[in-house]
Amino acid sequence: MSLAQIKGRSLVEPEDFSLDEMENLFNLAEKIEKDEKYLRESCRGKLLATLFFEPSTRTRLSFEAAMLRLGGSCLGFAEPGSSSAAKGESLADTIRMASSYADTIVMRNPKEGSALLARNYSSVPIINAGDGGHHHPTQTLTDLLTIKRKLGKIDTLTVGFCGDLKFGRTVHSLAKALSRYNNIRMIFISPSELVLPDYIKSILKKQKIDFQEKVNLEDALKEDGIDVLYMTRVQKERFFNEDDYIRLKDTYVLNTDKMSCAKEKMIVLHPLPRVNEISVEIDNDPRASYFAQAKYGMFVRMALLASILGVV
Ligand code: NCD
């Protein structure tokens, strides 16, 4: 395994790790999942700081569960109002301090580019848990591991992304990451107001990715042979105007009628939280993979922390 190369590195954008390094993380995550005792206590004495300037359930809890399962400890805040950010402290100063207390930092912040800034001021690795509408690379590790586990491969696939493709950082990171794999087609399904940003489209064009943009989900399910449907919520917190949010929030609702147009072997992913975009009646459909996805997120974060902290 070449996981030793990850020791001491930050993860700010999905391409910070090579495809081989990601593959090694996925293999390690599988090993951890299969053997409860593997790497238990390997991080004893190590500290993880979780600095969440924006709400989170899965990402923060799965990082904390990952660190505790590895035998390490966690400190931090889930509410910026309880940190000195509320007194006007700069992010650079907060990071300087946190990096003198902890061995690695996981940070979520509403500003695009904040993870890169944090990396520049930190003396320990920074893991980006979401910087505004920009990137969310550990969700991408989670998504890719789920695709691999459910479909047995991460190549020769048609991936449909549906919902808020403009502000959805998980979409930006996953599309960029998938563009490095072989023979991936992408179908982007969104209302015209929420299309994928141009900078992501130009990366896909440069990588010669076959992609299309559509408005109608049902048509895409019927016509495009989608293998992975990646549903997303409309990102309320990034809208300037509440009326626009209310108008767009229920554009797509995946229900049994729409699922009947999809491939029998398609998987449905969602980074969660869902609002209305996947009807609960889909939860028992064998193709619904979003809860399994959330669980894989903890195993891949265990693999990531163990590698960054150099215990594997
Ligand atoms: C996502 C996020 O924060 O970008 N959530 C997550 O980390 N699983 C998606 C979202 O909030 O819609």
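Helices (H or I, at least four residues) and strands (E, at least two) are DSSP runs, numbered from the N terminus. The structure is a predicted model, in which local features need pLDDT of at least 70, side-chain atom pairs count only at pLDDT 80 or more, and totals for chains, interfaces and linings use all residues. Residues are numbered from 1 along each chain as its sequence is written, and side-chain values use heavy atoms, with hydrogens and water left out.

Enclosed and open spaces were located on a 1 Å grid over the protein atoms alone: a cavity is a set of points where a 1.4 Å probe fits but cannot get out, whereas a pocket is an open set with protein on both sides within 12 Å along at least five of seven lines. Lining residues have an atom within 4 Å of a point. Grid points are joined across faces, edges and corners, and a volume is the space filled by probe spheres set on the points.

The ligand occupies the largest pocket; a molecule is assigned to such a space if more than half of its atoms lie within 2 Å of its grid points. The volume of this pocket is about 390 Å³. It is lined by 20 residues, of which R108, R169, R233, L272 and P273 are the closest to its centre. Two elements, α2 (58-69) and α6 (169-178), give two or more residues to this lining. By class, the lining of the largest pocket holds four nonpolar, nine polar and seven charged residues, where Ala, Val, Leu, Ile, Met, Phe, Trp, Tyr, Cys and Pro count as nonpolar, Asp, Glu, Lys and Arg as charged, and the others, Gly among them, as polar.

The shell around the ligand (residues with a heavy atom within 4 Å of it) consists of T59, R108, H136, Q139, R169, T170, R233, Q235, P271, L272 and P273. Three of these residues are nonpolar, five polar and three charged. Polar contacts to the ligand (pairs of N or O atoms within 3.5 Å) involve several of these side chains. An N or O atom in the side chain of R169 is 2.7 Å from an oxygen atom of the ligand. For H136, the distance from a side-chain N or O atom to a ligand oxygen is 2.8 Å, and for a polar side-chain atom of T59 it is 2.9 Å. On its own the ligand has 320 Å² of accessible area, 94% of which the protein covers (Shrake-Rupley method, 1.4 Å probe).

The second largest pocket contains about 190 Å³ of space. Its lining is formed by A49, L51, L75, G76, F77, S83, S84, E89, T94, M97, A98 and Y101. At least two of the lining residues come from each of β1 (47-52), β2 (73-77) and α3 (91-101), and α3 contributes the most, with four residues. Seven residues of this lining are nonpolar, four polar and one charged.

Three cavities of 30 Å³ or more were counted. The largest cavity holds about 50 Å³ of space and is lined by R58, Q139, T142, H270, P271, L272, Y290, Q293, A294, G297 and R301. Both α5 (137-151) and α11 (290-308) supply at least two residues of this lining, with the largest share, five residues, coming from α11. The lining of the largest cavity has four nonpolar, five polar and two charged residues. The second largest cavity, with a volume of about 40 Å³, is lined by R233, V234, Y245, K249, D250, V275, N276 and E277. This lining divides into three nonpolar, one polar and four charged residues.

Two features of the backbone were also noted. Most residues other than glycine have a negative phi, and most peptide bonds are trans. The peptide bond from L272 to P273 is cis, with omega near 5°. P273 is located in the loop between β9 (267-269) and α11, and both L272 and P273 belong to the shell around the ligand. T156, although not a glycine, has a positive phi of about 50°; this residue is in the loop that joins α5 and β5 (157-162).

Methods. Polar contact = N/O pair within 3.5 Å; in protein donor to acceptor, adjacent residues only side chain to side chain.
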